[in-house]
Amino acid sequence: MSSIHQPPSPPILYSFDSPNELSEKLAAFIVKAQKEAVDKKGRFTVAISGGSLPKQLNKLIDNPAVKWEKWQVFFADERCVPLDHEDSNYNLCRKELFSKVPIPKQNIHPIDVSLLDDLEELADAYEKALISEFAQKDSARFPVFDLILLGIGPDGHTCSLFPEHPLLTEEDRWVAYIEDSPKPPPKRTTLTFPVLNHALRVVFVAAGEGKADVLSTIIDNPEAGLPASRVRPSHPGQVYWYVDNAASAKVKYQRSEFKL
Ligand SMILES: O=C1O[C@H](COP(=O)(O)O)[C@@H](O)[C@H](O)[C@H]1O
């Protein structure tokens, strides 16, 4: 049976004693995913988020198991600002990670900031960048990322997919844009749910008591329909939650014992 008709895989929730342990286990998971992808295809396709996520990837720095030259990094969402702007997810990821590791510059795929005045063109250009990376190689209707790393906002948003927004119903575009983000800055691009739900691995990362309320709703009450609850890839895709105990304090959903 093709994956589009299979039910989504239940989330796997790992909750750790500390953000440091979370980062260590997350790095080990990413290294394993990298090996599987590189052994199979010779490359590792990753979509990365901004916010609190880049700092949580710190255990990848100075990690000899990471083959940075095999990585192809795209952005799960991006603020439509210059790449050196303080709001830029690219800039944040560069400061927290890319500037500290030997990843070839051409393996990082930022938005085309020459198109900031035309978000339709900018989103289309980013979709074309994805097509050139995926469609020629994977011939799938949607890109199949090896790994998508996501955060969650206190309102349950992920990427730049916000509650009650029309973008939540986008079923065809790989990359969409928003001009009225409730969280500044207002203009952003984002991967859409079809892309998120075709990934082989989607990993949400959340730490701290500030995420406790929303995490409980997202995981224990998916019927509430928060955007992060709607990330449910079907087999062979799998969604994971890498959280600390402060963030999962109110979550009833069963924890899994960590294993690679
Ligand atoms: O605005 C954004 O927010 C989310 C969540 O950020 P966090 O700091 O609460 O983890 C982030 O994942 C996304 O990339 C960013 O554009």
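This report walks through two sheets, a ligand site, some salt bridges and one exposed lysine. Keep in mind that the model is predicted.

**The six-stranded sheet**

Let's start with the parallel sheet. Six strands make up this open sheet, and reading across it the order is β1-β9-β8-β5-β2-β3, with parallel pairing. At the edges sit β1 (12-16) and β3 (71-75), each of which pairs on one side only. From one strand to the next, the twist averages 20°.

Two of the pairings are worth a closer look. At the β1 edge, β1 and strand β9 (residues 238-244) pair in the parallel sense through five bridges. Within that pairing, S15 has V243 of β9 as its bridge partner. Although β1 is an edge strand, it is mostly covered, with four of its five residues buried. Elsewhere in the sheet, strand β2 (residues 44-48) runs parallel to strand β5 (residues 147-150), and two bridges join them. Here V46 stands opposite L147 in β5.

In broader terms, strands of a sheet pair through backbone hydrogen bonds, either parallel or antiparallel. The second sheet shows the other option.

**The three-stranded sheet**

This one is also open, but its three strands, in the order β4-β7-β6, pair in the antiparallel sense. Both β4 (77-79) and β6 have a single partner strand, so one side of each is left without a neighbour in the sheet. Ignoring direction, neighbouring strands here are turned by 20° against each other on average.

β4 and strand β7 (residues 188-191) run antiparallel and are joined by three bridges. In this pairing R79 stands opposite R188 in β7. R79 turns up again at the ligand, where it is listed among the closest residues.

**Around the ligand**

How many residues surround the ligand? There are 15, and the closest are G50, S52, D77, R79 and H157. Three side chains can be picked out for their polar atoms. For N89, a side-chain N or O atom is 3.3 Å from an oxygen atom of the ligand. H157 has a side-chain N or O atom 3.0 Å from a ligand oxygen. K183 places a polar side-chain atom 3.0 Å from an oxygen atom of the ligand. On its own, the ligand has 390 Å² of accessible area, and the protein covers 92% of that.

**Salt bridges**

The count comes to 12 salt bridges. As background, side chains of opposite charge can pair when their charged atoms come close. Here are three of the pairs, with their N to O distances.

| Pair | Closest N to O distance |
|---|---|
| K41 and D146 | 2.9 Å |
| K55 and E96 | 3.2 Å |
| R173 and D124 | 2.8 Å |

Take K41 and D146, whose closest N and O atoms are 2.9 Å apart. K41 belongs to helix α1 (residues 19-41), while D146 is in the loop between α4 (119-138) and β5, so the pair ties together parts that are 105 residues apart in sequence. K41 counts as partly exposed, at 29% relative accessibility. D146 is buried, with a relative accessible area of 2%.

The K55 and E96 salt bridge is a helix-to-helix case. K55 is in helix α2 (residues 53-56) and E96 in helix α3 (residues 89-96), so this salt bridge ties together parts that are 41 residues apart in sequence. Is K55 buried or exposed? K55 is exposed, with a relative accessible area of 56%. Its partner E96, with 18%, is buried.

For R173 and D124, the N to O distance is 2.8 Å. R173 lies in the loop between β5 and β6 (175-178) and D124 in helix α4, so the two tie together parts that are 49 residues apart in sequence. With 24% relative accessibility, D124 counts as partly exposed. There is also a network: K32, E36 and R201 are joined by salt bridges that share partners.

**An exposed lysine in a loop**

Finally, have a look at K105, which is found in the loop between α3 and α4. K105 is exposed, its relative accessible area being 62%. Its side chain still finds a polar contact, at 3.4 Å, with the side chain of Y90. By contrast, K105 and P143 are 38 residues apart along the chain, and their C-alpha atoms are separated by 22 Å.

How values were computed: Residues are numbered from 1 along each chain as its sequence is written. This is a predicted model: local features need pLDDT of at least 70, side-chain atom pairs count only at pLDDT 80 or more; totals for chains, interfaces and linings use all residues. Side-chain values use heavy atoms; hydrogens and water are left out. Two strands pair if DSSP finds at least two bridges between them. Axes are lines fitted to C-alpha atoms, for helices over the stretch in contact, and angles run from 0 to 180 degrees between N-to-C directions. Buried means under 20% relative accessible area, exposed over 50%, partly exposed in between (1.4 Å probe, protein chains only). A residue is near a molecule or strand if one of its heavy atoms lies within 4 Å of it. A polar contact is a pair of N or O atoms within 3.5 Å; within protein, one must be able to donate a hydrogen and the other to accept it, and residues adjacent in sequence count only if both atoms are side-chain atoms. Accessible areas come from the Shrake-Rupley method with a 1.4 Å probe; for residues, only the protein chains shown count as cover. A salt bridge is a side-chain nitrogen of Lys or Arg within 4 Å of a carboxyl oxygen of Asp or Glu.
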